[in-house]
Amino acid sequence: MNLEIKEKDGILIGYLSGYIDTATAVQVGKDIEPLMEQANRDIEIDCSNLEYISSSCLRLLLSLRKKVAADGGSIVIRNINDEIRKVFTLTGFFKLFDIR
């Protein structure tokens, strides 16, 4: 599991990779703090290298979405694979996020 944050053209991009389950979600929660602190900006979450996401990590993404909405930023989730797409569909996250 890994979350790497970079800035490109004024957009903060969080690159999620690996296998994020309940145990590793604790670390992701810590790693996502810089995005929470800058929730007034445009944020992208790139899932190109994300293999698995648990409900714990989904809660983190939902918290980030709420913070972004409150602070006037925007959030886009990009490059989810078919398995992650199924999870987002089953949980209703497709309705909550701008997924590209």
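Which side chains does a polar contact of 3.3 Å join? The legends below take up this question last, after the sheet and the helices of this predicted model.

**View 1. The sheet is open and has five strands.** The strands follow the order β1-β2-β3-β4-β5, and their pairing is mixed. At the edges lie β1 (2–8) and β5 (98–99), each of which pairs on one side only. Strands of a sheet pair through backbone hydrogen bonds, in either a parallel or an antiparallel way.

**View 2. Strands β4 and β5 run parallel.** Strand β4 covers residues 74–78 and is joined to β5 by two bridges. Within this pair, V76 stands opposite D98 of β5.

**View 3. Helices α1 and α4 pack on the sheet.** Helix α1, residues 22–31, touches β1 and β2 (11–20). The direction of α1 makes about 170 degrees with that of β2. Helix α4, residues 82–91, touches β3 (42–53), β4 and β5. Between the directions of α4 and β3 the angle is about 110 degrees.

**View 4. S56 belongs to helix α3.** The helix spans residues 55–71. S56 has a relative accessible area of 12%, and because this is under 20%, the residue counts as buried. The side chains of S56 and R59 are the ones joined by the polar contact of 3.3 Å. Leaving aside neighbours within four places in sequence, S56 is in contact with T22 and A25. Both T22 and A25 fall within the residues 22–31 of helix α1.

Methods
Residues are numbered from 1 along each chain as its sequence is written. This is a predicted model: local features need pLDDT of at least 70, side-chain atom pairs count only at pLDDT 80 or more; totals for chains, interfaces and linings use all residues. Side-chain values use heavy atoms; hydrogens and water are left out. Two strands pair if DSSP finds at least two bridges between them. Helices (H or I, at least four residues) and strands (E, at least two) are DSSP runs, numbered from the N terminus. Contact means heavy atoms within 4.5 Å. Axes are lines fitted to C-alpha atoms, for helices over the stretch in contact, and angles run from 0 to 180 degrees between N-to-C directions. Buried means under 20% relative accessible area, exposed over 50%, partly exposed in between (1.4 Å probe, protein chains only). A polar contact is a pair of N or O atoms within 3.5 Å; within protein, one must be able to donate a hydrogen and the other to accept it, and residues adjacent in sequence count only if both atoms are side-chain atoms.
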